[in-house]
Amino acid sequence: MEALLANYVEKSLKQYMRRNAIFLCERLYAEFPSEVNLQLLARCYLNNNQPHSAYHVLKGMQMAQSRYLFAVACLEMDLFSEAETALLPIEELCAHVTNGAAVQYLLGIIHRDTNRMKSSVEHFRKALSIDPLFWAAYEELCILGEAEEAAVCFGDVAIHYVQEHYLGNASSYLQIANSDQSLDSSQAFGLEDLSLSHLQQMEGNNIRNICLNNHGGPNLTGPVGQITNSCCNSSFFRTPSPVLTQLSDMAPPPLIRNIRFCQNEVSLRSSTQARREFVRENESAQIRGSLFFDSGRRRSARLAAAQRSFNSTQGSENKANNLRASIKLNSGTCYSTVCKGQFQNLEEAFRATSSSLSSSADVKSVQDETVNTQLRSFISNSSKIKSGISDTINLLRILGEGYRHLCEYRCQEALNVYQKLSSKQYNTGWVLSQVGKAYFELVDYLNADYAFSLARQISPYNLEGMDVYSTVLYLMKEDMKLKYLAQELISIDRFAPQAWCAIGNCYSFQKDHETALKSFQRAVQLNSRFPYAHTLSGHENVIIEDYGNAVECYQKALHVDARHYKSWYGLGMIYLRQEKIEFAEHHFRQAYRINPFSSVIMYYLGTTLEALKRSEEALVMMEKAIVTDNKNPLPKYSKANMLVTLGRLNEALEILEELKECYPRESSIYALMGEIYKQHKKYDKSMLHFGIALDLKPSIVDVAKIQAAIGKLILPDEIEDNL
């Protein structure tokens, strides 16, 4: 009953029939209360999103697997301290849990969420060293900015490790199968030995009961039942041995009554002992045999086994003949009361015994041939297995290197790496989403839109990166696309934070900032560890000039992910508006350390340095911003302004002439050119550019500045006329 219920619970879990699994497992634990069954019940609860139930049933359990499942439940409930206690000591738990890398990974997550980053990185690295295919650990290292090059983590050492692990398991499987067949054979021979021993011990009893025990009687169920129970730990069902089937089909020996063995008992014992030694030698040779490094010895062992089988069979026949002769010679003295027909039955019994030995040897030969066939098949497939492992590691190497570059914001390098993927792998939702993010960081919104739209076509129900895609559409002012995306995402999964981020961007584009803020807060409620939702909430608070709540939102985002540079940038913008220049410079500097390839961050960092009267540093930063993104006009304009301040008017004028060609309707460019011509005392050109600047309808503040500059330009002429 216990095995049946456990099997059906596992079957229900595989078929995602979670309620059925819970019901059956509760019945199982009620009838057979053991910690193993309790672990199965906890698994059912965890699969049904009931971590609190798993927490309560596993609390206080001491087995390694119970502690591991308890830690998983605690993590789901954000009980980090209890989860860490359950996983310690780590060495003991890793030794008893199937995959020790998972234990290290869970500890890494716990330490990350409790702001112990150094130890978190160590645990993630240990997880990856235990299991090179543990992608989630490498992904976390990339997010933390501590990942090694993918060629190191997914290199030749990883290939060798996985091949050794995979092929080693397959080798063990074949050895176990070989050992099981030997066990079945020895069990069958043991049953024959048992019948002979009963013949020797049961003087004058009916032999029919012993023969029934050989071919389906009560004695058979005892040893076979033991074998079955010993195998239940690895499999619920076990394929029956062909040896037992063949032996059970043999006819039982004839009935022999009231026979006493005297002189010939020694011959029977020696025959039985020889047969036992034959079985043990073959069985131990199979268990000790090496599948990969001892193939030559295996062939010689098979030849020797065949020779021993032949000799044993011949010897058994000779012993049987000797026994018959001995019985005939001593018929008048030892067995004078036995009739002639009983001696004929005895001869037939020994003839059947010899036939049984010969048949068993044939079965043994068939089993050896079966194992050898499996071995040859495995060796022929080992090259394919090695090739598959190598291809898998190479794939992870490319994906890992691209993801590492992207997390370090080397976006062009990431795009180049992803181009190395095959078309099958490149045209997947995850890869295209990463490509879209790379283009977004490069401020290439057109290509980002194209990559994200392809990702949605290929995987319409994959929400990975759709929050970033909504921001791309927001910045491109694609109102209709943004609305459609928000509706699609909310219809797919209304409990996904990405969907609510898209809705928030949609309302923000429509200037409904209050509803947008509610949408972003809803995303935070659904996943408090989603940093982009906190950041978007901060941006929305900045728009409505609620700087206090904006600072709080940015700080929450940094608490979740200290490398989320957009929150550092947002805090810097708030302090810059509040004219807290030192604080602004600190936060912009932090954002620049995380992402040293953003021209926007370079621009604002240069602006704060200029405000702090550090003009040379500011100029260097502006030049870096221009080199990083030559299409961004703000660093060029700021550099021209700084050059004017430093008195390098001709250099500034060259930059402004270039900007005027690209942006002919930007009033600030003409206003600054007017100022340069004024300092060159070219008043007519200065007045011309000031007039063009006013015609382009600048802001009220700029209008006042331009009018003041024009007033200073006219004043010297009036004074000259009065003189």
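Which residues in α28 meet which residues in α29? I opened my notebook with that one, working on a predicted model. On the α28 side I listed Y547, A550, V551, Y554, A557 and L558, and these meet S567, W568, G570, L571, I574, Y575 and R577 in α29.

**Entry 1: the α28 and α29 pair**

I then looked up how the two helices lie. Helix α28 covers residues 547-560 and helix α29 covers residues 565-577; their axes come within 9 Å and cross at roughly 155°. That angle makes α28 roughly antiparallel to α29, because angles over 145 degrees count as such. I also noted the hand: α28 passes α29 in a left-handed crossing.

**Entry 2: L571, on the α29 side**

I picked L571 out of helix α29 for a closer look. Is L571 buried or exposed? L571 has a relative accessible area of 2%, so I wrote it down as buried. Leaving aside neighbours within four places in sequence, I found L571 in contact with V551, Y554, L558 and H587. Of these, V551, Y554 and L558 are among the α28 residues that meet α29. I checked one backbone distance as well: the C-alpha atoms of L571 and Y554 are separated by 6.8 Å, with the two residues 17 apart along the chain.

**Entry 3: H587, reached from L571**

The contact between L571 and H587 led me on to helix α30, residues 581-594, where H587 is found. H587 has 11% relative accessibility and therefore counts as buried. Not counting residues up to four places away in sequence, H587 touches W568, L571, G572 and Y575. How far apart are the C-alpha atoms of H587 and G572? I read 5.0 Å for this pair, which sits 15 residues apart along the chain.

**Entry 4: helix α30 as a whole**

Having come this far, I looked at all of α30. It has 14 residues and reaches 20 Å from its first C-alpha to its last, close to the 20 Å expected at 1.5 Å a residue. I listed its buried residues as I581, A584, E585, H587, F588, A591, Y592 and I594. What covers them includes α29, α31 and α32.

**Entry 5: helix α33**

Next I moved along the chain to helix α33, residues 633-645. Its 13 residues should span 18 Å at 1.5 Å a residue, and the end C-alpha atoms are 19 Å apart, which agrees. At the start of α33 I found a side-chain oxygen of N632 within 3.3 Å of the backbone nitrogen of L634. After the helix comes G647, whose phi is positive, near 80°.

Which residues of α33 are buried? My list reads P635, K636, S638, K639, A640, M642, L643 and V644. The cover over them includes α31 (599-611), α32 (615-628), α34 (649-662) and α35 (667-679). I noted that α31 and α32 are also among what covers the buried residues of α30.

**Entry 6: the α2 and α3 pair**

I wanted another helix pair to set beside my opening one. Helix α2 (residues 18-31) and helix α3 (residues 35-47) pack at an angle of about 160°, with their axes 9 Å apart. They are therefore roughly antiparallel to each other. Their crossing is left-handed. The contact is made by R18, A21, I22, C25, E26, L28 and Y29 of α2, together with N37, L38, L40, L41, C44, Y45 and N47 of α3.

**Entry 7: two buried residues with charged names**

I looked up R456 in helix α22, residues 445-458. With 14% relative accessibility, R456 counts as buried. Not counting residues up to four places away in sequence, R456 touches M466, Y469, L485, E488, L489 and I492.

I then turned to E140, which lies in helix α10, residues 135-143. E140 counts as buried too, at 10% relative accessibility. Not counting residues up to four places away in sequence, E140 touches Y105, I109, R112 and F124.

**Entry 8: the chain overall**

I finished with the totals. How many helices and strands does the protein chain have? I noted 37 helices and zero strands. Buried residues make up 45% of the 723 residues. Among contacts between residues at least 6 apart in sequence, 56% join residues at least 24 apart.

Methods: Residues numbered from 1 in each chain as written. Predicted model: local features only at pLDDT ≥ 70, side-chain atom pairs only at ≥ 80, totals over all residues. Heavy atoms only, no water. Helix = DSSP H or I, 4+ residues; strand = E, 2+ residues; numbered from the N terminus. Expected span 1.5 Å × (residues − 1). Buried < 20%, exposed > 50% of the residue type's maximum accessible area, 1.4 Å probe, protein only. Contact = heavy atoms within 4.5 Å. Polar contact = N/O pair within 3.5 Å; in protein donor to acceptor, adjacent residues only side chain to side chain. Axes fitted to C-alpha atoms, helices over the stretch in contact; angles between N-to-C directions. Parallel < 35°, antiparallel > 145°, perpendicular 65-115°, else oblique. Left-handed = near helix turned anticlockwise from the far one by under 90°.
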